[in-house]
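Hi there,

Here is the structure I promised to pass on. Have a look at it first, then read my notes below.

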Amino acid sequence: MASGQTYYGQVLKKSGDLQTSACVTTARLVPRHIQEALRNVHEEVTLRYYGCGLVIPECLENCWILDLGSGSGRDCYALSQLVGETGHVTGIDMTESQVEVAKKYIEYHMEKYGFQTPNVTFLHGYIEKLEEIGIKDESYDIVISNCVINLVPDKQAVLQEVYRVLKHGGELYFSDVYASLELPEEIRTHKILWVQNKELERVIGDCRFVSATFRLFKLPKTGPAERCQVIYNGGITRHEKELIFDANFTFKEGEIIEVDKETAAILKNSRFAKDFLIRPIGEMLPTCSGCSALESKGIITDPFMLAGQSDSMKSRCSPDVAGGCCGITYS
């Protein structure tokens, strides 16, 4: 991990210094309110951003969010605007120099947003050891991470810590890089993989890398889930007409959609529950003029399949896009 701290703390001075394309996801449309939130972030913070996707989910008002590997704080400061003054964002990073950059601009951003009390906190520490830096059980609504979990040797420890700190119904929303093959130890620790150059293809051989965004939810362990029909009521601010939930489901206001049992459990038990009418298959749902029942498609969980699907849509993207072949839902 020391080589990672050196790379992100000393070698990289700005995002343009990155020599790898592995941490860049397929472009997708960025909502206008997120574009505005990102434009409000201080220039130095943005220049030292090294993420690989867009980790800003929907329905954020008043939420408490934890950012694993927050770096210079770009995502934290964007999110702090969206959760509002009564929400809170905590950023954690292992590289002390990045944490110092983030802390440097707290007052600047709070004044810009018109907040009387800071709603962001930055901590120096390791994302697989959250308890050591005082992160309490069931204290956050959402955990995000932007191209950081792949850097941690003990990924299981990270996921266990995330599960511990999430409230029931909470979400882990993260972008990261995935490999098509299980790499041997000598390749995983090879220094070239920390600073990519022309030798990389020789080192990794047939292995391919892809970036994707997953959303995972902490659900209750009570009773078997079942397939359901759902209707989105259009209640999420800035997503009133449709909610692009992930690669599998786009919910249009008033439209009946059949969902798999995992997605049904997520919608029932998460912060999205108030925005959906949910009934088991076979029960009558209220209908509206012009709405039709749609069956769910096959669920995509493979990041390489997702990347292939996103590549086929590139030509339809507008200029206002950012990284994020977004949104495989898995619980």
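A quick definition before we start: Ala, Val, Leu, Ile, Met, Phe, Trp, Tyr, Cys and Pro count as nonpolar, Asp, Glu, Lys and Arg as charged, and the others, Gly among them, as polar. Also keep in mind that this is a predicted model.

Now the inside. Searching the whole structure for cavities of 30 Å³ or more turns up one, with a volume of about 350 Å³. Its lining is made of 27 residues, and G69, S70, G71, D93 and V148 lie nearest the centre. Sorted by class, that lining has eleven nonpolar, ten polar and six charged residues.

Next, the charged pairs. Side chains of opposite charge can pair when their charged atoms come close. The count here is eleven salt bridges. One of them joins R164 to D137, with the closest N and O atoms 2.6 Å apart. This pair links distant parts of the chain: R164 is in helix α7, while D137 sits in the loop between β4 and β5, 27 residues apart. R164 also meets E161 in a salt bridge, at 2.7 Å from N to O. Both of these lie in helix α7, three residues apart, or about one turn of the helix. R164 counts as buried, at 16% relative accessibility, and so does E161, at 10%. There's a network too: salt bridges link E58, E171, R215 and R271.

And disulfides? The count is zero. For C63, the nearest cysteine sulfur is that of C59, 6.5 Å away, and a disulfide needs the two sulfurs within 2.5 Å.

Cheers!

Methods:
Residues are numbered from 1 along each chain as its sequence is written. This is a predicted model: local features need pLDDT of at least 70, side-chain atom pairs count only at pLDDT 80 or more; totals for chains, interfaces and linings use all residues. Side-chain values use heavy atoms; hydrogens and water are left out. On a 1 Å grid over the protein atoms alone, a cavity is a set of points where a 1.4 Å probe fits but cannot get out, and a pocket is an open set with protein on both sides within 12 Å along at least five of seven lines; lining residues have an atom within 4 Å of a point. Grid points are joined across faces, edges and corners, and a volume is the space filled by probe spheres set on the points. A salt bridge is a side-chain nitrogen of Lys or Arg within 4 Å of a carboxyl oxygen of Asp or Glu. Helices (H or I, at least four residues) and strands (E, at least two) are DSSP runs, numbered from the N terminus. Buried means under 20% relative accessible area, exposed over 50%, partly exposed in between (1.4 Å probe, protein chains only).
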